[in-house]
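Ready for a few warm-up exercises on reading a fold? Have a go at each task before you peek at the solution.

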Amino acid sequence: MLTALYVPANRPDRFAKAVAAGSDLVVFDLEDAVPVDDKADARGWAVAWIAANATGAVEVRVNAPGTPWIEDDLAAVAAVPRIRVRVPKVESAAEVHAVLEQVPSAKITALIESPLGLEKAFEIASADPRVVAVALGEADLAGSLGVDGSAGLAWARSRLVTASRAAGLGAPMMSVYPHVNDADGLRRTSLEGRALGFVGRTAIHPRQLATIVECFTPTAVQVAEAEALLAAVEKAGVTEGGVIVLPDGRMVDPAMVGRAREVSTLMREIEARSG
């Protein structure tokens, strides 16, 4: 999964367009994008539309634990079988468990947006098998930490990647880039995230999707090298371990094989998505 696209839940006129934009996941947002007076209507519109129309991957970002709207949000999404729920401002495994008690069939994306949440990132990521992803809410986190830009967030981003990998969730997706008209900034920061271990990114506008896919797609050289390495390892008969020396003199160990498999698998998924 390389892309996720937010759509405000108080804009039902945009629901179909968001789903048709081609993102791997569409996130119906009941939280930040929705004014307080619109929360109830937005909840009803989103859940009704998803129940009647959604055939691809969709997720609902509910309001944060402790807010006046979270209980009604969870009661509404519980009526949708196998729903994905994006929970903002998570600070403990207990908050994850509380959501799952009310929506047992849900798959959870936990958003980490505070220093305390960041300190407990692994605890949150490993709270339950139904937690399928963790992600940063970078605007809130940067404000809480008093940092600016990519340099200020680099440690937090690396911490999240480590926690996600340690919990067995694989590479996480990056947080949104809020400047819709700044394609160069989106590309630059996406490549920075890719170097830190992220795979894919959440978008706030369909025009950002193509750039995100471009930035997180392995290059032709990377794919060729991965396929060549895997072929050489298979030929040598050590696919389950051991160290071999390739014809070009490189020593190959299981960690290198694992990375090559990730690149190969990601490329196949991208090709299937575009086909």
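**Exercise 1.** Find out how many bridges join strand E3 to strand E4, and whether the two run parallel or antiparallel.

*Solution.* Start with E4, which covers residues 84–87. In this predicted model, E3 and E4 run parallel and are joined by three bridges. Now pick a pair: Glu59 has Arg84 in E4 as its bridge partner. Finally, trace the chain between the strands: it leaves E3, passes through helix H3 (residues 70–77) and reaches E4, a right-handed β-α-β crossover.

**Exercise 2.** Work out how strand E2 pairs with E3.

*Solution.* E2 spans residues 25–29, and its pairing with E3 is parallel, over four bridges. For a landmark, look at Val26, which sits opposite Val58 in E3. Then add helix H2 (residues 39–53): together with E2 and E3 it forms a β-α-β unit, and that unit is right-handed.

**Exercise 3.** Sort the side chains of E3 (residues 58–61) by the way they point, and say whether they are buried or exposed.

*Solution.* Recall the general pattern first: side chains in a regular strand alternate between the two faces of the sheet. Here, Val58 and Val60 point one way, while Glu59 and Arg61 point the other. As for burial, all four of these are buried, meaning under 20% relative accessible area.

**Exercise 4.** Decide how the protein's radius of gyration fits its length.

*Solution.* Count the elements first: the protein has twelve helices and nine strands. Next, compare two values: the radius of gyration is 20 Å, and the globule rule gives 19 Å for 275 residues. Those are close, so the protein is as compact as a globular protein of that length.

Technical notes: Residues are numbered from 1 along each chain as its sequence is written. This is a predicted model: local features need pLDDT of at least 70, side-chain atom pairs count only at pLDDT 80 or more; totals for chains, interfaces and linings use all residues. Side-chain values use heavy atoms; hydrogens and water are left out. Buried means under 20% relative accessible area, exposed over 50%, partly exposed in between (1.4 Å probe, protein chains only). Two strands pair if DSSP finds at least two bridges between them. A crossover is right-handed if, with the strands pointing away from the viewer, the path from the first strand over the helix to the second runs clockwise. The radius of gyration is taken over C-alpha atoms; the globule rule is 2.2 Å times the number of residues to the power 0.38.
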